Amino acid sequence: MMIISSGPRRLLIAVASAVAALVPFYSARAEMSAWADNEGGRMRLVALAPDAVGKIRAALQIEPKPGWITYWKEPGNSGIPPQITIAAESGVTLDAIAYPVPKHFFNGAIEDIAYDGPVTLPLSLTAVGKGPVTIDAAAFIGICKDICIPFQANLQLKLGPAIQSHPEEEAILQAADARLPKPPSQDFDVTAHAMSPDRKTLSLDLVLPGEGKTAPDIIVTGPSGYAFTKQIGGKRDGRTFKVDVSIGKLPKDYDIAGKQWSVLVIDGERAMETTLAFQ
C-alpha cells in the first residue's frame with residue numbers, strides 16, 4: 001500500500017488489483033448479505049425479491065465507527081464517493097442510487113459532504129428474466145478519520161420468493177427512504193436561477209419552508225466530480241432567500257448550454273433537491 005497526499009488530509013490508497021484479490025465475497029441466502037468489516041466501519045447489502053416486473057428494492061447499509069465519516073455522492077475537497085457495480089452475469093442491473101441528506105463538515109481548509117453515522121443508500125435494481133435471483137455487487141466507498149481508507153467489498157445476496165414476508169428488510173428500506181431529500185413543493189423550491197456570463201456565480205431565488213433568519217445550506221452539483229457550496233451575499237426575508245453561489249473552476253471548454261445541474265437545499269429539519277436546467 002502507498003500513502004499519498006490529497007490536500008490537507010492524507011489519503012490511504014491500496015493498489016486496486018491487490019484490494020480486489022484480497023477482499024472475499026460476503027454472501028448470504030437471505031435478504032441481507034453478511035457484514036463486510038473494515039478498520040473504520042462495516043457495510044452490507046439488503047434487498048427484497050423482484051416484483052412482478054422485475055423491479056428490486058435494495059440498499060447499501062454503511063455503518064462508520066464513532067469518529068469516522070463516509071461520503072455523499074459528491075464528497076467535497078477530497079474523498080471517495082460511493083461506487084456500486086453489479087456483475088453482468090448476475091442478470092441484475094443497477095438503475096439508480098439515492099442519497100439521504102448529508103452533513104457539511106469543515107475542518108480548516110477541508111470541506112467534507114458526508115455522513116458521520118449509519119446511513120443506508122437506497123438502490124433501484126432490475127432483474128432480467130425469471131427465476132431465482134442472485135445479486136453479486138462490488139461496493140467501493142471512502143471511510144475517513146485522520147486518514148481516508150478505501151473500503152471495497154464483494155457482497156452476494158440470494159433472494160427468496162416474493163411471497164415471503166420480510167419485515168426487518170422492509171423497515172430498513174422504509175427508514176432509508178424517509179431520510180431522502182424531498183422534491184420541490186409550493187413552500188420549498190428554487191423559483192429562479194441564472195448563471196453569470198463569466199460562469200463565476202450562480203444566482204438563486206428560493207422560497208423556504210420556515211421563517212428562520214439563518215441562511216440555508218446549499219449544495220450545487222454540476223459536472224460529475226464538482227460541488228459548489230460557497231454563498232455570496234445571501235439575503236433572507238422571511239420565507240424568501242436570494243443568494244449567489246460561487247462556481248469556481250469548471251472543466252476546460254465546458255459548455256453549460258443544455259446541461260442540467262442539481263441543487264440540494266437544507267433548511268432546518270427539511271431538505272429539498274431539484275434540477276437546474278440551463279438554456
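1. Ala36 of strand 4 and its partner across the sheet make a convenient starting point in this predicted model, since a reader can find the pair by eye: Ala36 stands opposite Met43, which belongs to strand 5. The two strands concerned, strand 4 (residues 36-38) and strand 5, run in the antiparallel sense and are paired over 3 bridges. Between strand 4 and strand 5 there are 2 residues, and together these strands form a hairpin.

2. Strand 5 also has a second neighbour to consider, namely strand 6 (residues 55-64), with which strand 5 pairs in the antiparallel sense over 7 bridges. When tracing this pairing on the structure, one may look for Gly41, whose bridge partner in strand 6 is Pro64. Strand 5 is therefore paired with strand 4 as well as with strand 6.

3. How many of the residues of strand 5 are buried? The strand, which covers residues 41-47, has 6 buried residues out of 7, and can fairly be described as mostly covered. It may help to recall that in a regular strand the side chains alternate between the two faces of the sheet.

4. Two residues deserve a careful look at their backbone angles, and one of them is Arg199, which is not a glycine and yet has a positive phi of about 60°. Arg199 sits in the loop that joins strand 15 (189-195) to strand 16 (201-207). Its relative accessible area is 27%, so Arg199 counts as partly exposed, a class that lies between the limits of 20% and 50%.

5. The other residue is Asp253, also not a glycine, for which phi is positive at about 65°. Asp253 is placed in the loop between strand 20 (240-246) and strand 21 (260-267). Is Asp253 buried or exposed? With a relative accessible area of 69%, Asp253 is exposed, because this value is over 50%.

6. Turning to the chain as a whole, the secondary structure of the protein chain consists of 2 helices and 22 strands. Of the 279 residues in the protein chain, 46% are buried. Among contacts with a separation of 6 or more in the protein chain, 65% are between residues that lie 24 or more positions apart.

7. Finally, as regards the surface, the protein chain has an accessible surface of about 14200 Å², and carbon and sulfur atoms account for 53% of that area.

Note on methods: Residues numbered from 1 in each chain as written. Predicted model: local features only at pLDDT ≥ 70, side-chain atom pairs only at ≥ 80, totals over all residues. Heavy atoms only, no water. Helix = DSSP H or I, 4+ residues; strand = E, 2+ residues; numbered from the N terminus. Buried < 20%, exposed > 50% of the residue type's maximum accessible area, 1.4 Å probe, protein only. Contact = heavy atoms within 4.5 Å. Areas by Shrake-Rupley, 256 points an atom, 1.4 Å probe, with all protein chains shown as cover. Pairing = 2+ DSSP bridges.
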